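Open the model in your viewer and keep the selection box handy. We'll go from stop to stop, picking something and seeing what is there.

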Amino acid sequence: MSGFQEIFQRTEIKYLLSEEQYLALRDRLQGMAEVDQYGETDILNIYYDTPDFSLIRASLEKPLYKEKLRLRSYGTPGEQSTSFIEIKKKYKGVVYKRRIDAPYMDAKEYLEGKKDLEQRSQIKSEIDAFRTGYEGLKPAMAISYKRIAMAGTEDPELRITFDREIRWRIEGLDLREGAVGEDLLKKGQRLMEVKIANAFPLELARMFSELGIFPVSYSKYGRGYQTMALRMAAYQTVGRTASATEHAVAYA
């Protein structure tokens, strides 16, 4: 095993920042939080779903409980690069993430039902159960972004992340394709997540209020799916309109 943390339980709150808000906040965070040892990192994910996208459709309805399955790498992987198979669950606002690591191609082929993984653990059993619980589970969408992660100087359980260049695609669902796709954010925007295990820091709340930073509901996979669905609906409308026009011309 890699030594990476395998189990997380925390509250995650999201915010959309303009370039100006981001720069002002980073300045104010000095002394309260520091960038971790990795600096800015490329994070690549493939989300797995049913053929009719039932997992993300259910998630967007904001139920008390929801869950996702994804394959993640830090940077573009090679066949033997370490990757992570993750189950992410959310219940009443609390996020529970459980993951195992494996060489990229082993993880990819396992999730595609082509082979099993040699490791045995409780988390591996939970992933097995997830895969058998949803019929037709397959790679559905790739989501990538650049992330800066910060940790609290006094409270190491406090994590603040800033994501930019969030991109989605439904073609070439292989992490070896790299961080390619269509942008979800406007130029200069960043998605910030505050991840806390304890009470929300009062000093941080004051900073956000002064800078006009407020929580938003934002799912990267969800936004990618909504963009895709709207585009498909538009294509279908154009197709129906074209067919109706052709029909009218034919019988004019």
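How many aromatic pairs does a search of the whole structure find? The search turns up seven. Bear in mind along the way that this is a predicted model.

**Stop 1: two aromatic pairs**

Start by selecting Y74 and F84 and showing their rings. The ring centres are 5.8 Å apart and the planes sit at 80 degrees, so this pair is edge-to-face. Y74 belongs to strand β3 and F84 to strand β4, so the pair ties together parts that are 10 residues apart in sequence. Is each partner buried or partly exposed? Y74 is partly exposed, at 36% relative accessible area, while F84 counts as buried, at 3%.

Next, pick F130 and Y134. This aromatic pair is tilted, with 5.0 Å from centre to centre and 40 degrees between the planes. Here F130 is the buried partner, with 5% relative accessibility, and Y134 counts as partly exposed at 23%.

While the rings are on show, add Y15, F200 and F208, which form one aromatic cluster.

**Stop 2: zoom out**

Now hide the side chains and look at the whole cartoon. You should be able to pick out six helices and 10 strands. The C-alpha trace spans about 75 × 50 × 35 Å along its principal axes. The protein has 252 residues, and 42% of them count as buried. Switch on a surface if you like: the protein exposes about 13,500 Å², with carbon and sulfur atoms supplying 51% of that. As for contacts between residues at least 6 apart in sequence, 71% of them join residues at least 24 apart.

**Stop 3: helix α3**

Select residues 104-111, which make up helix α3. How many of its eight residues are buried? Six are, so the helix is mostly covered, taking buried to mean under 20% relative accessible area. Colour them in: they are Y104, M105, A107, K108, Y110 and L111. What do these buried residues pack against? Their partners are β2 (33-49), β3 (65-74), β4, β5 (94-103) and α4 (122-133). Walk on past the helix and you come to G113, which has a positive phi, near 75 degrees.

**Stop 4: the largest nonpolar core**

Stay in this region and select Y48, L69, L71, I85, L111 and I127. These are the residues that touch the most other members of the largest nonpolar core, which has 23 residues. Which elements give two or more residues to this core? They are β2, β3, β4, β5, α3 and α4. The helix from the previous stop, α3, gives the most, with five residues.

Centre the view on L69 and show what surrounds it. Leaving out residues up to four places away in sequence, L69 touches I46, Y47, Y48, I85, E86, I87, L111, I127, F130, R131 and L137. You have met F130 already, as part of the tilted pair with Y134.

Apart from this core lies another one, of 20 residues, so try selecting some of its members: L17, I160, F208 and I213 are among them. F208 is also in the aromatic cluster with Y15 and F200.

**Stop 5: along strand β4**

Go to strand β4, residues 82-91, and select S83, which is part of this strand. Is S83 buried or exposed? With a relative accessibility of 0%, S83 counts as buried. Beyond its neighbours within four places in sequence, S83 is in contact with L71, R72, I100, D101, A102, P103, Y104 and A107. Two of the names there, Y104 and A107, are buried residues of α3.

Now slide along to Y91, also in β4. Y91 is partly exposed, with a relative accessible area of 37%. Add L64 and Y65 to the selection and turn the surface on: with Y91 they form a nonpolar surface patch, and together the three have about 310 Å² of accessible area.

**Stop 6: a long way off**

For the last stop, select R206 in helix α5, residues 202-211. R206 is partly exposed, at 42% relative accessible area. Then pick S54 as well and draw a distance between the C-alpha atoms: R206 and S54 are 39 Å apart in space and 152 residues apart in sequence.

Technical notes. Residues are numbered from 1 along each chain as its sequence is written. This is a predicted model: local features need pLDDT of at least 70, side-chain atom pairs count only at pLDDT 80 or more; totals for chains, interfaces and linings use all residues. Side-chain values use heavy atoms; hydrogens and water are left out. Patches are made of residues with over 30% relative accessible area and no salt bridge: like charges are joined within 9 Å, nonpolar side chains (Val, Leu, Ile, Met, Phe, Trp, Tyr) within 5 Å. Accessible areas come from the Shrake-Rupley method with a 1.4 Å probe; for residues, only the protein chains shown count as cover. A salt bridge is a side-chain nitrogen of Lys or Arg within 4 Å of a carboxyl oxygen of Asp or Glu. Helices (H or I, at least four residues) and strands (E, at least two) are DSSP runs, numbered from the N terminus. Buried means under 20% relative accessible area, exposed over 50%, partly exposed in between (1.4 Å probe, protein chains only). Contact means heavy atoms within 4.5 Å. A nonpolar core is a set of buried Ala, Val, Leu, Ile, Met, Phe, Trp, Tyr and Cys residues joined through side-chain atoms within 4.5 Å. Rings of Phe, Tyr and Trp (its six-membered ring) pair if their centres lie within 6.5 Å; planes under 30 degrees apart count as stacked, over 60 as edge-to-face and the rest as tilted.
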